[in-house]
Amino acid sequence: MCDILLVDDDDHIREVLASLLREAGFQVDAAATDRVAFDYLAADPPRLLLTDVNLGTGLDGLAVAGHARTAQPGLPVIYMTGRPDRLDNHHYVDGEWLLPKPFVARRLLALVRRLLDEPHHLEPGAA
């Protein structure tokens, strides 16, 4: 089982975040599209989903998370977005957090570590 499934359609952001997470000791599968994410979810279920909200063409990060959580109820999800207002009407449930872009790497790493170590001790919502 991989630690983190990272989904972001921006090649540069995806590569930087994947490298950061791997250097921190996490096993990461990185996907550029919803379809690739679904393939990873089926083949190697993650312990955490880190997804951009806007994935360009195809489904958005909310739909990817919904699909992932259908197969893995309780899967922690971190939504990343440069447009946090897009989630103003989103009702966060247990295991969902928002990390607005841009963010500091140590903030992401701290949240990921907390979620993987103690996922039930955090309130859902903005990180």
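## Helix 2: two faces

The outward face of helix 2 carries Arg35, Asp39, Ala42 and Ala43, which are exposed (over 50% relative accessible area). This face is turned away from the buried side of the helix. Helix 2 spans residues 34-43, and its buried residues (under 20% relative accessible area, with a 1.4 Å probe and protein chains only) are Asp34, Ala37 and Leu41. These residues lie on the same side of helix 2 because they cover an arc of only 60° around the axis; the arc is taken from the directions from the helix axis to the C-beta atoms. The buried residues pack against strand 1, strand 2 (28-31) and helix 3 (61-71). Helices (H or I, at least four residues) and strands (E, at least two) are DSSP runs numbered from the N terminus.

This is a predicted model: local features need pLDDT of at least 70, side-chain atom pairs count only at pLDDT 80 or more, and totals for chains, interfaces and linings use all residues. Residues are numbered from 1 along each chain as its sequence is written, and side-chain values use heavy atoms, with hydrogens and water left out.

## Asp8: a buried loop residue

Asp8 sits in the loop between strand 1 (4-7) and helix 1 (11-23). Asp8 counts as buried because its relative accessibility is 0%. Its side chain makes a polar contact (N or O atoms within 3.5 Å, one able to donate a hydrogen and the other to accept it; residues adjacent in sequence count only if both atoms are side-chain atoms) with the side chain of Lys101, at 3.1 Å.

Beyond neighbours within four places in sequence, Asp8 is in contact (heavy atoms within 4.5 Å) with residues including Arg14, Asp52, Met80 and Lys101.

## Leu49 in strand 3

Leu49 belongs to strand 3 (residues 48-52). Leu49 is buried, with a relative accessible area of 0%. Leaving out residues up to four places away in sequence, Leu49 touches Leu5, Val7, Val64 and Ile78, among others.

## Two nonpolar cores

A nonpolar core is a set of buried Ala, Val, Leu, Ile, Met, Phe, Trp, Tyr and Cys residues joined through side-chain atoms within 4.5 Å. The largest one has 20 residues. Those with the most contacts inside it are Ile4, Leu21, Phe26, Leu50, Ile78, Leu108 and Val112. Strand 1, helix 1, strand 3, strand 4 (77-81), strand 5 (96-100) and helix 4 (105-117) each supply at least two residues of this core. Helix 4 gives the most, with six residues.

A second, separate core has 15 residues, including Leu5, Ala31, Ala37 and Tyr79.
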